[in-house]
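Take a look at the structure below. Then follow the tour, step by step.

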Protein chains: 2
Amino acid sequence: MVEDKENIQFELTDELIEKVELLVSNAEDKKLKSLLNEFHFADVAEILDELDLDDSVYVIKLLDSETTADILTELDEDTREKVLENLSAKEIAEEVEELDTDDAADIISELPEERQAEVISRIEDDEHREEITELLAYDEDTAGGLMAKELVKVYETWTVAGCLRRIRGQAAEVTRVHSIYVVNKEEKLIGRLSLKDLIVAKSEQKIADIAKDNVDWVNVNDDVEDVAKVMSKYDLEAIPVVDNNQKLLGRITIDDIVDVLKEEAEKDYQMAAGITGDVEADDSILELTRARLPWLFLGLVGGVGAFIIMYFFEENLPKEAIILFLFTPLIAAMAGNVGVQSSAIIVQGLANDDVKGSINSRLIKEMLLATLNGFILSLFLFLFVFAWEQDFKLALAISISLVAVIIIAGLIGTFIPLFLDKRGIDPAIATGPFITTSNDILGILIYFWIAKLILGI
Amino acid sequence: MVEDKENIQFELTDELIEKVELLVSNAEDKKLKSLLNEFHFADVAEILDELDLDDSVYVIKLLDSETTADILTELDEDTREKVLENLSAKEIAEEVEELDTDDAADIISELPEERQAEVISRIEDDEHREEITELLAYDEDTAGGLMAKELVKVYETWTVAGCLRRIRGQAAEVTRVHSIYVVNKEEKLIGRLSLKDLIVAKSEQKIADIAKDNVDWVNVNDDVEDVAKVMSKYDLEAIPVVDNNQKLLGRITIDDIVDVLKEEAEKDYQMAAGITGDVEADDSILELTRARLPWLFLGLVGGVGAFIIMYFFEENLPKEAIILFLFTPLIAAMAGNVGVQSSAIIVQGLANDDVKGSINSRLIKEMLLATLNGFILSLFLFLFVFAWEQDFKLALAISISLVAVIIIAGLIGTFIPLFLDKRGIDPAIATGPFITTSNDILGILIYFWIAKLILGI
């Protein structure tokens, strides 16, 4: 029977964690086992992430390797690293035996170099060991680094009946059968089939006759981001991976792509907020500082730059012009905001292949946009300054400067990511503090320069 | 045979668009058809997005409704709206007949109210019409709004052989068979099966005996974001949707979840950059202004606030203290950067259910973090100011203010998203210009207040 607990999203409560801790400290193994077996392995991983290291290791050693292998793949990287340090090479090899080749290779690749070889040598299944070794050779940012060796493969010369018979063997080791890949005698990918196609076909038909030849595939060296784009654009749930000779090497499934997409989105989001490195809210203060301080330092240098600019303007300005200085935070903020908006929309457009046309046409569009925004905003600022200071010329100088600053900030925010992208550099680094800081300084410089010109001082 | 073109990512070139435009204007229907039939429907949609409306409508009317229905689902919303305006209710109904119920309902829901009923009444297949009408009743942000009615359902009392026979009928209308759902005679979901399970089972076995009872499901009223979380956490490729009585209503597939995740990520990213509403780089200047101007206006108001604060400090400060004003852009920038970093990491943590522990423990952690960052940065600022002005007290006043500003900015950036989340408001609105602007003002206020105190002026 379907029970209610399976639908309701698992909730990690303090009570649950305390309960597990108590069972561990009392070594009530049987109760602990039966409690944890109620949960999905992804949920058990969440519990272990919260326990002390010793307790986590205790649980991992207690449960069957069939379950713990899956739990290991779902742990936070930090927790996993520490747990693995506490397992012997033989124990890790046993976990790895239970996993699909892609997950197995991921876990082994996280181990220190010297342990990797030891763990691999302890894997008893020869085929599994060889496949994992093959996968470890690929760069983790390529299709090869993401693919699994597990797939269902049939030869074009087989009959439907023979195929069904042999698939039973292959399918047993494949968690989910998305597509059946058809190869010729040189192992080259030439088509695909669904299980459904097999079931509806007559048993004496040849595979070559019922296979679909419009099979999408990616090269083993393709970038994972490109693989993600292809799979999400064409709504594919699995895609075969081939080498340069079209030989079938493995397959990538959509759940791995979902992870890639999430990581990409998080990286871009953090970059836009001035955080580098893949940190989480629960990381240590030191890790968080390492991710945040460099960008703050950039902001500090920018602020010092702004000070220096203002210092030299101040020397040459009459005392009554001090009112200009009181608007510098406004000018800097507007320059920063406009810059971030423009760069974010370009970075996102580039990620979605939405940015068409030349850099020039982009810049012209941004200029029109910034001019429109700038005029509206400057009108308000003009009215405020005029009402406050009763000085028409001053109000005019400040608001005209604002229009200029907004236009230039928009152009910089548009140009830099496009320029970086053309040069093959990730345009996302040009969002956040980078754009804000450069626009702050430039904005203040332009502001004083134009204001001085208009006020004739 | 597998040809090379299928792997290489489709590229939308100006030549290709010109070629299509030429074929349309010369009404070379046959050539046009054979050219476009080479491409995947998602690629044809990209071509149509670039054509003039008349040309797009021409192509849609030219191709078979089997192809065009899929193309319609992939068009940009703007293009689709315009194309649909140029099709009769009967023509739209014909397109809709070809689509799965979820895509059909999505397209109909975009039509103006008065056309919806007309199109629905023109759908010839009674079952399809009823199912679409049912789906249209659900809120688009719920599981019901995302699910399709197409699924493979078997009764627990059937045998494997009988099941395989009947599945051939059902499977024909389901694009991809992820799971076979097992129901009892009241249509309540009680388990699931994979095609693989069916194939390996003996033909006389009862479904009830081979079904797995640990089937995940979501309620039809569950929020799509929660559905996405469950599916990506448990690596599900499809999930059945049930009503409050556990009756099986439909299923949601991973490709729809990929779209939900992408949209969510884009929304948060844009929010952090001060852009609201789902705009793209290629939208019109007016649409982009509407999405950007409100946040810029907020920044303007903040800047005016900063001006007012500085104005009153300036009145009461001696002339030699003008040097303080030259550091306000630095102080504002640091307050803004720290605030955005803190809020972004909390917003992301909340989205990933990564934020554990109480608000208080979060605030204490952020305080430690900000203090560490603040001291390091202030040390540099102290050295710079002292070197520049040779004034120990001034350097001390400015750098101590900076520490205070950084700590408070960090606390605000942490507190506001947590507070909003507790109140059930999307914490993502508290990123970007909102945090920057409030921290700018508060930062400047704290800065002058502390500096005044230390300098004793």
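The paragraphs below go from the two chains to their domains, then to a hairpin and to the aromatic rings.

First, some ground rules. This is a predicted model, where local features need pLDDT of at least 70, side-chain atom pairs count only at pLDDT 80 or more, and totals for chains, interfaces and linings use all residues. Residues are numbered from 1 along each chain as its sequence is written, chains are lettered from A and ligands numbered from 1 in the order in which they are written, and side-chain values use heavy atoms, leaving out hydrogens and water.

Start with the two chains. Rotate chain A by 180°, with 0.1 Å of shift along the axis, and it superposes on chain B with an RMSD of 0.2 Å. That fit is by least squares on the C-alpha atoms of residues with pLDDT of at least 70 in both copies. The two copies are thus related as by a two-fold rotation axis. The same surface serves both: 99% of the contact residues of chain A recur in chain B. Contact here means heavy atoms within 4.5 Å.

Now stay in chain A. Its domain assignment gives domain 1 (11-140), domain 2 (152-258) and domain 3 (285-455). Such bounds come from an automatic or database assignment. The C-alpha centres of domain 1 and domain 3 of chain A lie 50 Å apart.

Next, find a hairpin. Strand β5 (residues 238-242) of chain A runs antiparallel to β6(A), and 5 bridges join them. Two strands pair if DSSP finds at least two bridges between them. Helices (H or I, at least four residues) and strands (E, at least two) are DSSP runs, numbered from the N terminus. Val242(A) stands opposite Leu248(A) in β6(A). The hairpin has 5 residues between its strands, and Gln246(A) in the turn has a positive phi of about 70°.

Finally, the rings. How many aromatic pairs does a search of the whole structure find? There are 34 over all chains. Rings of Phe, Tyr and Trp (its six-membered ring) pair if their centres lie within 6.5 Å; planes under 30 degrees apart count as stacked, over 60 as edge-to-face and the rest as tilted. The rings of Phe307(A) and Phe327(B) have centres 4.1 Å apart and planes at 10°, so this pair is stacked. The pair crosses between chains, from helix α17 (residues 285-316) of chain A to the loop between α18 (322-325) and α19 (328-351) of chain B. Tyr311(A) and Trp388(B) have ring centres 5.1 Å apart and planes at 85°, so that pair is edge-to-face. Phe307(A), Tyr311(A), Phe312(A), Phe327(B), Phe384(B) and Trp388(B) form one aromatic cluster.
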